[in-house]
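Biologist: Could you take me through one part of this model in detail, the protein surface that faces the DNA? Once that is clear, I'd like to hear how the helices behind it fit together.

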2 protein chains.
Amino acid sequence: MTKQPKQRARGEERRRAIIDAARTRAANGGWSSVTTRALSDDIGFTQPVLYSHFAGGKADIVLAVALEGFVQMANEVDAAVGALKGAPAVRAAAKAYLEFARLQPAVYEAMFSLPIGVEFGTESTGPEQRAAFSALLAVFGDGDDAGVVTEVFWSTLHGVSTLDAAGRLPYDAREARLAMIAERFS
Amino acid sequence: MTKQPKQRARGEERRRAIIDAARTRAANGGWSSVTTRALSDDIGFTQPVLYSHFAGGKADIVLAVALEGFVQMANEVDAAVGALKGAPAVRAAAKAYLEFARLQPAVYEAMFSLPIGVEFGTESTGPEQRAAFSALLAVFGDGDDAGVVTEVFWSTLHGVSTLDAAGRLPYDAREARLAMIAERFS
DNA sequence: CCAGTTAGTTAGCGCTGCTAGATATAGCAC
DNA sequence: GTGCTATATCTAGCAGCGCTAACTAACTGG
């Protein structure tokens with residue numbers, strides 16, 4: 001009754017292909033170009049195959065891209081901070097965060113803007129988001145208000161990222177903004 | 001050839017009705033429930049009528065809601081700040097901004113999340129957004145880096161608003177966050 | 001009263017996400 | 001090998017979306 005290893009492997013391989021196709025498509029043509037028909041064309045099968053790998057349909061696929069994004073972002077922030085403390089740590093975390101958002105706008109959009117049904121800090125929060133939050137939390141140590149600082153810090157980074165991606169922060173003052181963020185949150 | 005006053009008045013009245021219907025619908029059922037069919041039902045006409053008032057179609061209607069939102073937000077921030085200076089002004093502006101976003105999430109979403117094709121700070125920026133930006137800029141006076149401070153301040157408020165609206169800022173620490181924002185940006 | 005403009009409608013196109021039902025294929029018991 | 005069963009995949013189609021061409025009714029200026 002249980003699936004054979006070969007079938008399982010093929011299944012995971014296909015899952016991989018679908019997620020990659022979605023991310024690539026979104027990166028090139030925006031999420032509006034990620035349709036179930038286009039996606040199934042990309043992987044060389046027909047639409048219903050998507051639903052056998054992602055029961056929740058398209059939303060499920062977007063969610064998968066988002067969750068992988070959280071993991072990657074957590075890793076990159078962690079790597080950037082390393083053993084740094086204080087102001088340098090804040091600056092490194094901010095830089096890593098903003099660069100991730102800037103270099104992978106489609107993935108970032110999936111993580112925060114698209115209607116994937118995940119919440120933060122609640123009980124239902126998955127390990128992926130928790131990891132990302134923890135990566136930032138670590139920067140502010142274990143003070144009483146570390147949680148609140150992290151939230152506002154996160155919010156600032158998120159705000160800069162979205163406004164920047166929308167072309168709403170005009171002149172090229174990225175360095176100045178980064179410096180200011182590091183200063184205000186240290 | 002020019003339209004009669006009576007026709008013009010009816011036209012503007014209808015425009016009003018469409019915008020109001022869109023905002024009300026979005027507030028109650030989310031922007032996904034704002035379809036051209038539902039909208040035309042609301043105003044008691046058929047779909048094509050929408051296009052005679054908004055040539056750009058649905059996107060144009062959403063844009064109209066967004067622009068009115070910018071004006072309203074600018075007014076509320078202005079009113080809240082009044083003649084205040086320094087830290088109290090920062091706090092008042094932040095409070096007004098966050099409350100606007102919290103009380104009118106659908107309008108706020110139209111202003112920032114939905115794909116309306118408006119940019120900031122560029123030449124093409126409309127007077128509505130300029131007004132909103134100016135309302136915040138006024139808080140930080142005319143220092144050299146007032147522009148950058150305003151951008152980061154704006155980003156923080158925007159980040160808090162979106163993360164809060166998405167249920168991503170868990171425990172009820174709104175007051176603590178507000179206090180922290182006022183402190184860091186004064 | 002008629003001609004011309006305009007407001008409004010009906011009907012339909014191409015697209016979307018999604019799915020029921022038919023079909024082909026693969027794996028296993030004998 | 002043969003026949004059965006379970007699974008994988010496809011065909012075809014539904015309902016809803018934004019939008020528009022083409023027709024009709026009504027109103028208005030001369």
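Modeller: Sure, and bear in mind that this is a predicted model. Let's begin with DNA strand D. Helix α3 (47-53) of chain A supplies at least two residues of the surface near that strand, and so does each of α2 (36-43), α3 (47-53) and α4 of chain B. The top contributor is α3(A), which gives four residues. In all, 18 residues sit around DNA strand D, and the ones that come nearest are F45(A), T46(A), T35(B), G57(B) and K58(B). Sorted by class, this surface has seven nonpolar, nine polar and two charged residues.

Now swing over to DNA strand C. Here α2 (36-43), α3 and α4 (58-81) come from chain A and α3 from chain B, each with at least two residues in the surface. The count around strand C is 17 residues, with T35(A), G57(A), K58(A), T46(B) and P48(B) coming nearest. By class you get seven nonpolar, eight polar and two charged residues.

Follow α4(B) away from strand D and you can look at how it packs within its own chain. Helix α4 (residues 58-81) of chain B packs with helix α6 (residues 105-112) of chain B at an angle of about 105°, their axes 8 Å apart. The two are therefore roughly perpendicular to each other. On the α4(B) side, the contact is made by V62(B), V65(B), A66(B), G69(B) and F70(B), which meet V107(B), Y108(B), A110(B) and M111(B) of α6(B). That contact has eight nonpolar residues, one polar and no charged ones. As for the spacing along a helix, there are 3.6 residues a turn, so residues three or four places apart point the same way.

The last stop is where the two chains meet through α8. The axes of α8 (residues 146-165) in chain A and α8 (residues 146-165) in chain B come within 6 Å and cross at roughly 105°, which makes α8(A) roughly perpendicular to α8(B). From chain A, the residues in this contact are V152(A), S155(A), T156(A), H158(A), G159(A), V160(A), T162(A) and L163(A), and they meet V152(B), S155(B), T156(B), H158(B), G159(B), V160(B), T162(B) and L163(B). By class, it has six nonpolar, 10 polar and no charged residues. Taking α8(A) by itself, 15 of its 20 residues are buried, so the helix is largely enclosed by the rest of the structure. It reaches 28 Å from first C-alpha to last, close to the 28 Å expected at 1.5 Å a residue. After α8(A) comes G167(A), with a positive phi near 70°.

Note on methods:
Residues numbered from 1 in each chain as written. Chains lettered and ligands numbered in written order. Predicted model: local features only at pLDDT ≥ 70, side-chain atom pairs only at ≥ 80, totals over all residues. Axes fitted to C-alpha atoms, helices over the stretch in contact; angles between N-to-C directions. Parallel < 35°, antiparallel > 145°, perpendicular 65-115°, else oblique. Contact = placed C-beta atoms within 7 Å. Nonpolar A, V, L, I, M, F, W, Y, C, P; charged D, E, K, R; others polar. Near = placed C-beta within 6 Å. Expected span 1.5 Å × (residues − 1). Buried ≥ 20, exposed ≤ 12 C-beta atoms within 10 Å, placed from the backbone.
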